[in-house]
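Here are my notes for you, written as numbered points. Please keep the sequence and the structure open beside them as you read.

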Amino acid sequence: MQGWKRNAVVIGCLMLILAMGATWVLVDLNTAGQAASVIGCVIGIVGLLFTLLSARGSADTVSRAVRTGRATTTGGGRANTGIVSAGGGQAEDTGEATSHGGTANTGVTDGF
């Protein structure tokens, strides 16, 4: 985690610590405990949603294969000079993949 995201998390945590301290001072511990459980639940759900939504379509997670070498296999093996990824990727100027009795890939594939 970098930049503004890290700062937002640190500031949010500090604000929650201050809010809990204020709640303990201003009201009884039973009410503070109930407030803490609700706040914890909300923060957990927000964190889960943030993680799920930021992982999809992120430009930082694109796999790339550029100017790869040659791959050769025989006897039912696999030759790959590109990308094997369920999330896709980018393949540019990949090398020659040769397979005799197996599978060859020089671009982007979801799997063999």
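1. Before the helices and strands are named, it helps to know that helices (H or I, at least four residues) and strands (E, at least two) are DSSP runs, numbered from the N terminus. With that in mind, Val-10 can be placed in helix α1, which covers residues 3-26. Please also remember throughout that this is a predicted model.

2. The general plan comes next. The protein chain contains 2 helices and 8 strands, and when it is followed from the N terminus, the order of the elements is α-α-β-β-β-β-β-β-β-β. The radius of gyration is 25 Å, well over the 13 Å that the globule rule gives for 112 residues, so the protein chain is more spread out than a compact globule. The C-alpha trace can also be described along its principal axes, where it spans about 75 × 25 × 15 Å.

3. How much of the protein chain is buried, and how much area does it expose? Of its 112 residues, 13% count as buried, while the exposed area comes to about 8200 Å², with carbon and sulfur atoms supplying 60% of it. Among the contacts with a separation of 6 or more, 55% are accounted for by residues 24 or more positions apart.

4. Helix α1 deserves a second look for its surface. Val-10 joins Leu-14 and Ile-17 in a nonpolar patch on the surface, and together the three residues have about 290 Å² of accessible area. Val-10 itself counts as partly exposed, because its relative accessibility is 42%, a value that lies between the limits of 20% for buried and 50% for exposed.

5. In the second helix, α2, which covers residues 29-55, we find Gly-40. This glycine counts as partly exposed because its relative accessibility is 43%. Gly-40 and Trp-24 are 16 residues apart in sequence, and their C-alpha atoms are 16 Å apart in space.

6. Why is there no bond between the sulfur atoms of Cys-13 and Cys-41? The closest cysteine sulfur to that of Cys-13 is the one in Cys-41, and since it is 17 Å away it is too far for a bond; for comparison, a disulfide requires the two sulfur atoms to be within 2.5 Å. A search of the whole structure accordingly lists 0 disulfides. Cys-13 is partly exposed, with a relative accessible area of 43%, and Cys-41 is partly exposed, with a relative accessible area of 46%.

7. The strand part of the chain holds a charged pair that you may wish to locate. A search of the whole structure finds 1 salt bridge, and it is formed by Glu-96 and Arg-70, whose closest N and O atoms are 3.8 Å apart. This pair links distant parts of the chain, 26 residues apart, for Glu-96 lies in the loop between β5 (89-92) and β6 (97-100), whereas Arg-70 lies in the loop between β1 (63-66) and β2 (71-74). Glu-96 is partly exposed, with a relative accessible area of 46%, and Arg-70 is exposed, with a relative accessible area of 58%.

8. Is Thr-73 buried or exposed? Thr-73, which lies in strand β2, is buried, because its relative accessible area is 13% and the limit for a buried residue is under 20%. Leaving aside its neighbours within four places in sequence, Thr-73 is in contact with several residues, including Arg-78, Thr-98, His-100 and Thr-103.

9. Gly-77 belongs to the loop between β2 and β3 (78-80), and at 18% relative accessibility it counts as buried. Apart from neighbours within four places in sequence, its contacts are Ser-99, Gly-102 and Thr-103. Gly-77 and Thr-103 are 26 residues apart along the chain, and their C-alpha atoms are separated by 6.6 Å.

10. My last point concerns Asp-110, which is found in the segment after β8 (108-109). Asp-110 counts as exposed because its relative accessibility is 63%, and, not counting residues up to four places away in sequence, it touches Val-84, Ser-85 and Ala-86. Asp-110 and Gly-89 are 21 residues apart in sequence, and from C-alpha to C-alpha they are 9.6 Å apart in space.

Technical notes: Residues numbered from 1 in each chain as written. Predicted model: local features only at pLDDT ≥ 70, side-chain atom pairs only at ≥ 80, totals over all residues. Heavy atoms only, no water. Patch = residues over 30% accessible without salt bridge, like charges linked within 9 Å, V, L, I, M, F, W, Y side chains within 5 Å. Areas by Shrake-Rupley, 256 points an atom, 1.4 Å probe, with all protein chains shown as cover. Salt bridge = Lys/Arg side-chain N within 4 Å of Asp/Glu carboxyl O. Buried < 20%, exposed > 50% of the residue type's maximum accessible area, 1.4 Å probe, protein only. Rg over C-alpha atoms; globule rule 2.2 N^0.38 Å. Contact = heavy atoms within 4.5 Å.
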